[in-house]
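This report walks through a predicted model. It covers helix packing, the sheet, the voids and the cysteines.

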Amino acid sequence: MSKVTALYLGAEVEDKLWFPVRKMIWHGEKYHTGCVGGVKGLIEAAPLWRHYFQPEAFGLIKTTRDIHCDYACRMPLDRPEEMPWYLPSLGLPADILNPIAFVARNGGYRETDSLDIFPEVEADSDGCYRFYFLLRKLYLVEEAAVDKVVRGDDIECGDGWAIHQPTGNRIGILPGYIRALFTEHRSQVEMKVHQVNMEGLLQERLLCSLTCKGFIPFTTAEYLPLGDLN
C-alpha cells in the first residue's frame, strides 16, 4: 500500500473540466494547507469560485492542529465506527482506522458540492506510483456491463469515462485527477480493475488502480503550491 504523503483538493466545473486547487501536508501534529496553481484556472473558468478561494489569499498557508475543514468534512472523523464497513471495499485493512487513507481512495465526494480529494503518494519499491480509486456514477451504466468486469481487466479513458477493454463497455466515470494523469502521460500509465466488490452498494463495486511509470506525478505548475508549503 503506497504511503500517502499529502492530500490535494480538486474542483469539477463540469464533467470534462477539472482543476487541482488546494494541497494539505502534515508534520507531527500540525497540518499545513495552501492553494496550488490550478486554482487560477478554476476561477478563470468559473469566476464565482473567487468568493470561496479568495485570490488575495492565494499565497497564504494555514497551519493548524486540526485537519483543514475542506478535508475534515469529507472524512468519517465523527463516525469512525462506520469505517470498518467500507475499508474492505477500498482495499484497506478493516482494523486500521486511518481517515486519510480512507478519503484518499473514496474521493471524499459530497452531493452538496463539486469538490473531491486525491492523494500524493510515495513511490513503491519498483519506483512506480500507484493510485487506487472508485469509479463514479456507476448508476448511469447498465449493471450487466459492470457484472462482466473481473479483477485485472484493463481500463482505458474515453471522454472521461472508464472503458472496460475486454468488452468496450463504459463502466463508470473516472475521477478528475485520474483523467488528467491518463491524458498527460498516456504512454506511461497503466489502469486496471484492482478489486471487484460483489456485496454492498453499486458505487463501491469496482476499485481500480492507476500505475505511473517513468515520471513523478503532480510536478506541473497546476499542482505546485502558491505559498511556501513546508
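**Helix α7 and the sheet**

Helix α7, residues 176-184, lies across three strands: β1, β2 and β5. Its direction runs at about 105 degrees to β2. How many of the nine residues of α7 are buried? Seven are, so the helix is largely enclosed by the rest of the structure. The buried residues are Gly176, Tyr177, Ile178, Arg179, Ala180, Leu181 and Phe182.

The sheet itself is open and has five strands. Their order is β4-β3-β2-β1-β5, with antiparallel pairing. β4 (62-64) and β5 (115-121) stand at the edges. Each has a single partner strand, so one side of each is left without a neighbour in the sheet. From one strand to the next, the twist averages 25 degrees.

At one edge, β3 (residues 30-35) pairs with β4 over three bridges, in the antiparallel sense. His32 has Thr63 in β4 as its bridge partner. A further helix, α5 (residues 99-106), also packs on the sheet. α5 touches β1 (4-14), β2 (17-27) and β5. The direction of α5 makes about 35 degrees with that of β1.

**Leu115 in the edge strand**

Leu115 sits in strand β5. Is Leu115 buried or exposed? Its relative accessible area is 3%, so Leu115 counts as buried. Beyond residues up to four places away in sequence, Leu115 touches Leu9, Gly10, Ala11, Trp49, Tyr52, Arg74, Gly108 and Tyr109. Phe19 is 96 residues from Leu115 along the chain, yet their C-alpha atoms are separated by 9.6 Å.

**Pocket and cavity**

The table sets out the two voids.

| Void | Volume | Elements giving two or more lining residues |
|---|---|---|
| Largest pocket | About 1000 Å³ | α4 (83-86), α5 and β5 |
| Largest cavity | About 50 Å³ | α5, β5 and β6 (129-134) |

The lining of the largest pocket holds 32 residues. Nearest its centre lie Asn106, Gly108, Tyr109, Arg110 and Gln203.

One cavity of 30 Å³ or more is counted. Which residues line the largest cavity? They are Ala104, Arg105, Asn106, Gly107, Tyr109, Ile117, Phe118, Phe133, Leu134, Pro175 and Tyr177. Helix α5 gives the largest share of this lining, three residues. Tyr177 is among the buried residues of α7, and Tyr177 also lines the largest cavity. Asn106 is one of the residues nearest the centre of the largest pocket, and Asn106 lines the largest cavity as well. Tyr109 lies nearest the pocket centre with that group, appears in the cavity lining and touches Leu115.

**Cysteines**

A disulfide is a covalent bond between the sulfur atoms of two cysteines. How many disulfides does the model contain? The count is zero. Cys128 is in no disulfide, and its nearest cysteine sulfur, that of Cys212, is 8.5 Å away. For Cys212, the closest cysteine sulfur is in Cys128, and 8.5 Å is too far for a bond. The cut-off used is 2.5 Å between sulfur atoms.

Both cysteines fall under the 20% limit for burial. Cys128 has 8% relative accessibility, so Cys128 counts as buried. Cys212 is also buried, at 0% relative accessibility.

Conventions: Residues numbered from 1 in each chain as written. Predicted model: local features only at pLDDT ≥ 70, side-chain atom pairs only at ≥ 80, totals over all residues. Heavy atoms only, no water. Pairing = 2+ DSSP bridges. Helix = DSSP H or I, 4+ residues; strand = E, 2+ residues; numbered from the N terminus. Axes fitted to C-alpha atoms, helices over the stretch in contact; angles between N-to-C directions. Contact = heavy atoms within 4.5 Å. Buried < 20%, exposed > 50% of the residue type's maximum accessible area, 1.4 Å probe, protein only. 1 Å grid on protein atoms, 1.4 Å probe; cavity = no way out; pocket = protein on both sides within 12 Å on 5 of 7 lines; lining within 4 Å. Points joined across faces, edges and corners; volume = space filled by probe spheres on them.
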